[in-house]
Amino acid sequence: MGQIKYSDAIFTQSAPSIRQCPSDSGAEVAFAGRSNAGKSSAINTLCQNHKLARTSKTPGRTQLINFFALTEEQRLVDLPGYGFAKVPLAMKKEWEKHLSEYLAERQCLKGLILLMDVRHPMQEFDTMMLNWAIEGEMPVHILLTKADKLKKGPAQNTLLKVRKHLKEAQADDLVSAQLFSSLKNTGIKELESTLNKWLTIDSTELSGQPAEE
């Protein structure tokens with residue numbers, strides 16, 4: 001496979017649950033995070049298209065699984081923002097069910113980009129997502145977003161604390177972390193390097209396994 005051009009990303013479809021997702025073949029990487037973690041901004045910055053993933057003034061608007069094609073066999077996925085307080089509990093439970101199903105059952109999912117505001121990392125929902133991913137042996141790359149909101153020293157300290165926490169939890173073989181800022185375009189190369197590694201497709205994955213009904 002040639003070099004991935006993230007600026008080629010195009011929106012293809014939204015799905016309310018794993019049942020409506022596109023064919024489970026090729027390779028995809030999902031972006032997950034609390035509703036205010038800057039997920040849409042990160043995807044837009046990565047893909048150099050500020051209209052690609054809708055950034056909403058009302059966090060938690062994205063209640064569907066959104067798919068963006070890079071090539072016929074490589075996709076980025078924007079998962080519903082979680083942890084938004086003003087959503088009814090029943091709806092939260094429904095989202096959690098769809099998220100956990102997607103993480104557990106989606107065969108072509110190669111990794112999870114987990115976004116956290118650098119000023120409020122490792123909240124309850126972040127830990128839940130990490131636990132789900134680790135349980136399924138899914139690699140995770142944490143983006144500590146909005147790094148421009150902190151001075152360099154405190155931002156670096158937060159990154160070191162998160163890495164220390166992962167090491168103590170014996171999750172550092174599966175989970176990595178970096179600082180990121182959509183506003184200042186910092187951390188993009190590091191993010192691309194992780195995505196390139198995960199989205200590399202070997203010949204067995206190109207056979208296009210038929211989607212399960």
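## Salt bridges

A salt bridge is a side-chain nitrogen of Lys or Arg within 4 Å of a carboxyl oxygen of Asp or Glu. The model examined here is predicted. By this rule it holds 10 salt bridges. One of them joins Arg106 to Glu28, with the closest N and O atoms 2.7 Å apart. Arg106 sits in the loop between α2 (89–105) and β5, while Glu28 belongs to strand β2, so the pair ties together parts that are 78 residues apart in sequence. Both partners are buried. The pair also belongs to a wider group: Glu28, Arg75 and Arg106 are linked in a network of salt bridges.

Two other pairs involve residues with some exposure. Glu168 bridges to Lys164, and their closest N and O atoms are 3.3 Å apart. These two residues are four positions apart in helix α4 (residues 152–168), so about one helical turn separates them. Glu168 and Lys164 are exposed. Asp172 forms a salt bridge with Lys167, with 3.8 Å between the closest N and O atoms. Asp172 has a relative accessible area of 38%, so it is partly exposed. Lys167 reaches 57% relative accessibility and therefore counts as exposed.

## Overall layout and confidence

The chain has five helices and seven strands. From the N terminus, the order is β-β-α-β-β-α-β-α-β-α-β-α. Of the 213 residues, 47% are buried. The accessible surface comes to about 11300 Å², and carbon and sulfur atoms supply 50% of it. Long-range contacts are well represented: among contacts with a separation of 6 or more, 75% are between residues 24 or more positions apart.

The mean pLDDT of the chain is 88, and 88% of the residues reach 70 or more. Residues 207–213 fall below 50, and this stretch has six contacts in the model beyond near neighbours in sequence. Where pLDDT is low, the predicted coordinates should not be read in detail.

## Strand β2

How many residues of β2 are buried? Seven of its seven residues are, and the strand is mostly covered. Ala27, Val29, Phe31 and Gly33 point one way. Glu28, Ala30 and Ala32 point the other way. Residues on both faces are buried.

β2 has two strand partners described here. It runs parallel to β4, and five bridges join the two. In that pairing Glu28 stands opposite Arg75. Glu28 and Arg75 also appear together in the salt-bridge network with Arg106. β2 pairs with β5 in the parallel sense too, over six bridges. There Val29 stands opposite Gly111.

## Helix α1

Why is helix α1 described as largely enclosed? Seven of the eight residues of the helix (residues 39–46) are buried, so the rest of the structure largely encloses it. The buried residues are Lys39, Ser40, Ala42, Ile43, Asn44, Thr45 and Leu46. They pack against β2 (27–33), β4 (74–78), β5 (109–117), β6 (140–145) and α5 (188–199). After the helix comes Gln48, which has a positive phi near 50 degrees.

## Nonpolar cores

In soluble globular proteins, nonpolar side chains tend to be buried together. In this model the largest nonpolar core has 35 residues. Leu79, Tyr102, Leu112, Leu114 and Ile142 have the most contacts inside that core. Elements giving two or more residues to the core are β2, β3 (65–69), α2, β5, α3 (124–135), β6, α4 and β7 (175–179). A second, separate core has 26 residues, including Ala9, Val29, Leu46 and Ile113.

Which residues does Leu112 contact, leaving aside its neighbours within four places in sequence? Two of them, Ala30 and Ala32, lie in β2. The others are Leu79, Leu103, Met129, Ala133, Met138, Pro139, Val140, His141 and Trp198. Val29, part of the second core, points the opposite way from Ala30 and Ala32 along β2. Leu46, another member of the second core, is one of the buried residues of α1.

Technical notes:
Residues are numbered from 1 along each chain as its sequence is written. This is a predicted model: local features need pLDDT of at least 70, side-chain atom pairs count only at pLDDT 80 or more; totals for chains, interfaces and linings use all residues. Side-chain values use heavy atoms; hydrogens and water are left out. Buried means under 20% relative accessible area, exposed over 50%, partly exposed in between (1.4 Å probe, protein chains only). Contact means heavy atoms within 4.5 Å. Two strands pair if DSSP finds at least two bridges between them. pLDDT is the predictor's confidence in each residue, from 0 to 100. Accessible areas come from the Shrake-Rupley method with a 1.4 Å probe; for residues, only the protein chains shown count as cover. A nonpolar core is a set of buried Ala, Val, Leu, Ile, Met, Phe, Trp, Tyr and Cys residues joined through side-chain atoms within 4.5 Å.
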